[in-house]
Amino acid sequence: MKKWYQQVGSVILPPVILFGIVLVLWHVLVEVNEVESYLVPLPGDVWNAAQGNFSQLGQATWNTALAAVSGFGLSLLIGTITAFVFSQSVLIRRSFYPYAIFLQTVPIVAIAPLVINWFGTGLQSVIVVTVVISLFPIITSVTVGLTSVDKGLRELFVLNQASRWQTLLKLRMPHAVPYLVTGARTSSGLAVVGAIVGEFFAGYGSDHYGLGYLILQTSAQLRTDMLFATILASALLGVIMFVVVTWIGFKVLARWTYALEQS
Amino acid sequence: MIRAQDLGIRFGDNKPVLQQVDLQIQVNEFVSLLGPSGCGKSTLLRLVAGLLDPTEGELRVSLETGDWKSHVLLLGQQGFVFQDPTLLPWRTVRDNIRLPMELRGASRAQQAEAVRRSLELIGLLPDDAEKYPRMLSGGMRMRVSLARALVMQPRLLLLDEPFAALDDMLRQQLNEELLGIWQQHPCTALFVTHNVAEAVFLSQRVLIMGSQPGTIVEVIDVPFAYPRAPGLKVDVEFAQLVGKVATSLRESVA
């Protein structure tokens with residue numbers, strides 16, 4: 001058995017070392033090639049910008065996180081319910097699936113103005129855009145989870161005269177849990193993307209804004225160091241959501257998802 | 001008892017999988033269905049279990065009372081053992097075994113009592129009952145599967161090559177355990193296998209199936225009295241009968 005700090009070391013250490021190498025390379029390349037700071041700032045400048053505008057950056061990250069988490073939660077709810085309906089019959093699945101794919105393929109840029117027409121600017125529109133972007137993986141993975149139960153297990157339930165409801169509750173739902181977790185991991189990253197894109201179009205206004213608005217603003221003002229800091233904050237938010245979802249999937253739901261851990 | 005006449009099944013417009021199967025199995029009889037792979041013996045077992053419906057002929061089942069039903073599921077008295085353990089991976093051994101009772105709405109106390117009896121029957125310790133299937137060996141998982149089939153104290157036990165995936169030692173051991181349980185608590189047992197010695201050791205009659213289309217080509221009685229001990233397998237008469245059955249099986253394929 002490895003000690004916990006050895007495990008942490010073997011998981012955390014390699015990416016941290018890589019991060020350090022990238023920082024050094026970044027710094028050296030910018031200095032040697034004399035790149036203008038409005039094109040690529042030095043890592044130190046980005047750090048200073050982040051520190052100097054810490055409360056602004058923190059507030060924006062918090063606002064975006066709120067939209068991303070709300071949208072993600074709604075996606076989980078709507079996606080799971082949709083998957084339940086889909087799992088009820090092949091006919092329903094065949095009829096509705098092409099329109100579910102629509103969610104996946106429609107350019108969000110094209111429908112964002114429509115969303116604002118319907119819901120106005122503000123948090124609710126950002127959440128709607130987030131849901132549109134992050135819903136699809138939940139629908140597909142949970143539908144697969146509910147419908148791909150092994151034939152032997154289904155026969156076991158038939159032989160024991162299980163009702164449709166019992167089969168759903170005691171066989172299909174627990175079987176779908178690892179699929180839900182897989183879908184949720186993809187969806188959690190997409191939710192952050194959705195929230196930021198949503199904010200591009202439907203910001204909350206200049207006194208109350210998220211990372212999307214901050215990206216547009218700092219980019220327009222050529223404050224590239226702050227832009228970099230904002231981008232890093234966005235990435236960090238995505239990683240945190242992914243890690244939390246993964247942790248819940250593997251630790252809290254371990255009874256159902258132990259098999260995922262090998263992958 | 002189980003009675004089939006001219007039983008047949010085909011899927012869609014394909015050639016029939018089973019044709020003209022005539023079958024009679026008495027109450028508390030142990031019968032083996034022996035045949036080459038692909039002859040439809042599992043299909044026949046699924047017909048008897050009520051998982052499939054025949055497209056030709058007739059299948060009737062009854063308990064001691066002589067109350068005939070067209071469908072085994074209507075009796076609600078069958079235990080089925082699959083080729084794979086077919087356990088729910090998110091449930092402990094105990095929760096897997098009590099599943100049939102839970103689905104039928106038995107009370108907690110009834111479930112606990114039935115699980116205790118079932119665990120004892122297959123020789124599992126109470127400690128093992130709290131483990132998850134992934135923590136068990138292949139043989140142990142198959143035992144759990146058997147315990148689940150027995151938990152309702154079925155009048156009809158249907159087994160679909162239950163120990164085929166296990167190594168020979170383990171398979172023989174589990175056969176002996178199965179026979180021991182059946183001798184203590186008699187029920188009608190239908191055992192599908194492609195292993196000749198296994199069929200002869202366990203059953204009172206061996207039904208030999210031929211293929212394309214699958215049907216019963218020969219019925220061989222096994223005269224050895226119960227209780228049977230593992231020592232039977234080194235008996236000369238046993239070896240002779242195994243040889244005879246093996247010859248019939250070969251002819252059924254030719």
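Reader: How many helices and how many strands does chain A have?

Author: Keep in mind that we're looking at a predicted model. Reading along the sequence of chain A, you meet α after α, with the pattern α-α-α-α-α-α-α-α-α-α-α. So the count, with helices numbered as DSSP runs, comes to eleven helices and zero strands.

Reader: Among contacts in chain A between residues at least 6 apart in sequence, what share joins residues at least 24 apart?

Author: First, some background on chain A: its C-alpha trace spans about 75 × 60 × 30 Å along the principal axes. Of its 263 residues, 35% count as buried. As for contacts between residues at least 6 apart, the share that joins residues at least 24 apart is 77%.

Reader: Over in chain B, which strands stand at the edges of the sheet?

Author: The sheet in chain B is open and mixed, with six strands in the order E5-E6-E7-E3-E8-E9. A strand at the edge has a single partner strand, so one side of it is left without a neighbour in the sheet. That description fits E5 (78-81) and E9 (215-221) of chain B.

Reader: Which residue in E8 of chain B stands opposite B:Leu34?

Author: In general, strands of a sheet pair through backbone hydrogen bonds, either parallel or antiparallel. Here, strand E3 (residues 30-34) and strand E8 (residues 205-210) of chain B run parallel and are joined by four bridges. Opposite B:Leu34 you'll find B:Ile208.

Reader: Which helix gives the largest share of the largest nonpolar core?

Author: That core has 70 residues, and B:Leu34, B:Val48, B:Ala147, B:Leu158 and B:Leu190 touch the most other members. Its largest share, six residues, comes from one helix of chain B, namely H6 (residues 138-150).

Reader: And what is B:Ala147 in contact with, leaving aside its neighbours within four places in sequence?

Author: Being in contact here means that two C-beta atoms lie within 7 Å. With those neighbours left out, the partners of B:Ala147 are B:Ile97, B:Ser118, B:Leu119, B:Leu121, B:Ile122 and B:Leu124.

Reader: How many residues are in the second, separate core?

Author: In soluble globular proteins, nonpolar side chains tend to be buried together. The second core includes A:Ala68, A:Leu135, A:Leu180 and A:Ala184. Its size is 49 residues.

Reader: By class, what residues make up the side of chain B that touches chain A?

Author: The contact takes 15 residues from chain B and 14 from chain A. On the chain B side, the elements that give two or more residues are E5 and helix H4 (99-103). Sorted by class, that side has nine nonpolar, three polar and three charged residues.

Terms used. Residues numbered from 1 in each chain as written. Chains lettered and ligands numbered in written order. Predicted model: local features only at pLDDT ≥ 70, side-chain atom pairs only at ≥ 80, totals over all residues. Pairing = 2+ DSSP bridges. Buried ≥ 20, exposed ≤ 12 C-beta atoms within 10 Å, placed from the backbone. Core = buried A, V, L, I, M, F, W, Y, C linked by C-beta atoms within 7 Å. Nonpolar A, V, L, I, M, F, W, Y, C, P; charged D, E, K, R; others polar.
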